[in-house]
Amino acid sequence: MNIGASSSILSLIIFLPLLFALVISFWPQRQTLRELALGFSLIQLAVSLLLLRDFDSTTAALQFTEQFTWIERFGISYFVGVDGISLMLVILTTVLMPIMILGSWKSISEQVKGFHVALFVLQSAMLGSFLAMDAILFYVFWELSLIPMYFIVGIWGGARRIYATVKFFIYTMAGSLLMLLAIIFMMRLTPEVTGGAISASLLDFYKLEIPFIAGDFFTPQTLLFFAFAVAFAIKVPLFPLHTWLPDAHVEAPTPGSVVLAGVMLKMGTYGFLRWVIPLFPDASSHYAWLFIALGLVGIIYGALVAMIQPDMKKLVAYSSVSHMGYVILGLFVMNVYGMGGSLYQMLNHGISTGGLFLLIGMIYERTHSREISKYGGLAAAMPIFTIFFIIVTMSSIAVPLTNGFVGEFLILMGAYQYSFTASIFAVTGVILGATYMLWMVKNIFFGPAGEIVKASEHDPEHRLHDMSKREIAVMLPIVILIFWMGLFPNTIMDYSKQSINHLLQNKQNYSLEVK
């Protein structure tokens with residue numbers, strides 16, 4: 001049975017995790033909490049896959065929309081919808097959830113109930129951010145996502161978790177306040193296009209003609225552009241606003257690192273694609289050079305800093321700064337290759353970097369060390385683990401036949417169309433990325449046995465065991481997606497082609513129809 005036009009499928013997708021969180025919070029049997037949470041996450045995944053079945057990829061229009069008046073006086077409504085830009089980010093969020101829960105089976109041993117409640121509340125907030133078509137509703141979901149993430153890092157994180165949590169919260173909150181001021185200002189402009197009523201609808205925002213004068217920083221469109229852009233750049237995070245990320249990644253528990261890299265960073269790049277570029281086309285085009293330059297600096301800076309990291313988790317954290325620089329680069333070259341590649345790379349990064357954090361978490365559970373120099377010769381002790389790690393590494397460095405290759409190749413094509421010089425700098429980042437990732441693989445898995453492997457060989461209490469069936473089950477979906485998206489990219493990209501083309505072809509007069 002197809003989902004009807006008036007279906008409440010999107011509300012179900014957004015609020016089902018809150019219902020799951022409520023049930024878990026009152027669940028009396030601690031022994032079955034993990035199984036219950038895993039089952040709930042699989043139900044959520046199944047519901048979200050109904051969107052793929054019934055989504056019409058031949059149109060750029062919003063689909064499965066729901067709109068109800070919320071605060072009539074200020075034109076605020078509960079308005080949700082999905083199109084080719086947001087669809088796959090919704091699916092990514094629901095795909096990663098059961099993987100995270102299964103991956104946390106042993107790493108989260110205290111306050112298990114609270115952890116899963118926080119995880120489901122966070123999922124609801126992230127899904128709401130991707131589906132909200134009302135500016136205030138979007139802002140509510142955007143801010144709501146901070147609260148469970150604050151507790152996930154602050155309660156279940158490492159030794160410096162409080163420092164990392166407060167830094168993450170302050171950075172993101174500061175940017176969010178700028179965005180809120182911009183939203184309020186734009187709401188005051190909407191009577192021009194609504195016939196006198198204030199509106200917070202994104203579709204009404206798209207109709208606004210906001211003044212822009214090239215070279216004058218204080219024109220309304222420029223100020224609004226930077227208010228939104230700074231908020232989203234912090235979340236990406238874009239150099240030089242990235243300093244909260246390595247601390248948050250290192251101190252977060254494994255599932256926290258996965259959800260942060262896999263989904264939360266994409267809220268920032270999605271914000272550029274959904275809000276900044278279509279709302280402020282003149283400012284976006286005028287200042288594209290700035291964001292391309294910052295993206296390129298982030299690509300190279302993140303790679304260079306990653307090369308000198310002694311901690312494998314911190315190395316992957318800085319690699320995220322580099323990889324997200326490619327996404328920003330692709331968005332602001334503003335051609336079909338770059339923008340399509342950026343959206344694809346958002347998905348790729350969530351899968352490959354999420355997979356790396358899961359694998360690092362597995363080895364940390366055994367050795368309680370992430371220091372690369374203590375490893376060496378691990379391949380002999382853990383051959384199955386080594387195979388999985390190398391496959392995910394190949395995805396991260398964009399080896400052909402993996403998902404990472406498709407995204408980075410399209411972005412490089414887009415960068416070349418924009419500027420040959422920009423493409424040269426971007427390719428340099430690819431080379432540096434391969435350098436630090438292969439260096440890590442070499443030093444952990446090959447060469448003479450390191451301190452940890454030697455201890456395992458001589459002390460039965462420290463013996464290293466290869467991956468369990470549960471851990472293999474965690475990584476198999478990641479590996480399947482890596483090769484599926486690398487070999488059959490059009491099965492994913494076909495959903496977003498119309499939306500990307502519509503945005504590029506109507507950049508100066510962008511609008512969205514409701515199907």
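Q: Before we look at this model, where do domain bounds come from, and what are the domains here?

A: Domain bounds come from an automatic or database domain assignment. With that in mind, please note that this is a predicted model. Its protein chain is divided into domain 1 (7-256) and domain 2 (287-504).

Q: How many residues of each domain are in contact, and what distance separates the domain centres?

A: Taken over C-alpha atoms, the centres of domain 1 and domain 2 are separated by 24 Å. On the domain 1 side, 39 residues are in contact with 40 residues of domain 2.

Q: Let's turn to helices. How do I read the packing of α1 and α2?

A: Two packed helices are described by the angle between their axes and the distance between the axes. Here, helix α1 (residues 9-25) packs with helix α2 (residues 33-54) at an angle of about 175°, and their axes are 10 Å apart. Angles over 145 degrees count as roughly antiparallel, and α1 and α2 are therefore roughly antiparallel to each other. On the α1 side, the contact is made by I9, L10, L12, I13, L16, P17, F20, V23 and I24. The α2 side brings L33, L36, A37, F40, I43, Q44, V47, S48, L50 and L51. Sorted by class, the contact of α1 with α2 has 17 nonpolar, 2 polar and no charged residues.

Q: And what about α3 and α16: are they roughly parallel or roughly antiparallel?

A: Start again with the two values. The axes of helix α3 (residues 87-103) and helix α16 (residues 336-367) cross at roughly 5° and come within 11 Å. That angle makes α3 roughly parallel to α16. From α3, the residues M88, L89, L92, L96, I99 and G103 meet M346, L347, G350, I351, L358 and E365 in α16. By class, this contact of α3 with α16 has 9 nonpolar, 2 polar and 1 charged residues.

Q: What does L87 in helix α3 touch, and is L87 buried or exposed?

A: L87 lies in helix α3. With a relative accessibility of 0%, L87 counts as buried. Not counting residues up to four places away in sequence, L87 touches L51, L52, F55, V82 and Y495. One of these partners, F55, is 32 residues apart from L87 along the chain, and their C-alpha atoms are separated by 8.8 Å.

Q: Which residues touch the most other members of the largest nonpolar core?

A: The general idea first. In soluble globular proteins, nonpolar side chains tend to be buried together. In this model, the largest nonpolar core has 188 residues, of which F228, F272, F280, F332, L378, F385 and M475 touch the most other members. Helix α12 (residues 254-279) gives the largest share of this core, 15 residues. Domain 1 (7-256) and domain 2 (287-504) both give residues to the core, so it lies between them. For a close look at one member, try F228: leaving aside neighbours within four places in sequence, F228 is in contact with M179, A182, I183, M186, W275, V276 and F280.

Q: Where are the cis peptide bonds to P237 and P240?

A: Most residues other than glycine have a negative phi, and most peptide bonds are trans. A cis peptide bond joins V236 and P237, with omega about -10°. The peptide bond from F239 to P240 is cis too, with omega near 5°. P237 has its place in the loop between α10 (220-235) and α11 (244-251), and P240 lies in the loop between α10 and α11 as well.

Q: What is the phi of F64 and of H368, and is each buried or exposed?

A: F64 has a positive phi of about 55° although it is not a glycine. F64 lies in strand β1 (residues 63-71) and is buried, with a relative accessible area of 6%. H368 has a phi near 60°, a positive value in a residue other than glycine. H368 lies in the loop between α16 and α17 (378-381), and at 59% relative accessibility H368 counts as exposed.

Q: One last residue: where does L487 lie, and how does its accessibility read?

A: L487 lies in helix α22 (residues 469-487). At 46% relative accessibility, L487 counts as partly exposed. Along the chain, L487 and P400 are 87 residues apart, yet their C-alpha atoms are separated by 8.9 Å.

Technical notes
Residues numbered from 1 in each chain as written. Predicted model: local features only at pLDDT ≥ 70, side-chain atom pairs only at ≥ 80, totals over all residues. Heavy atoms only, no water. Axes fitted to C-alpha atoms, helices over the stretch in contact; angles between N-to-C directions. Helix = DSSP H or I, 4+ residues; strand = E, 2+ residues; numbered from the N terminus. Parallel < 35°, antiparallel > 145°, perpendicular 65-115°, else oblique. Contact = heavy atoms within 4.5 Å. Nonpolar A, V, L, I, M, F, W, Y, C, P; charged D, E, K, R; others polar. Core = buried A, V, L, I, M, F, W, Y, C linked by side-chain atoms within 4.5 Å. Buried < 20%, exposed > 50% of the residue type's maximum accessible area, 1.4 Å probe, protein only.
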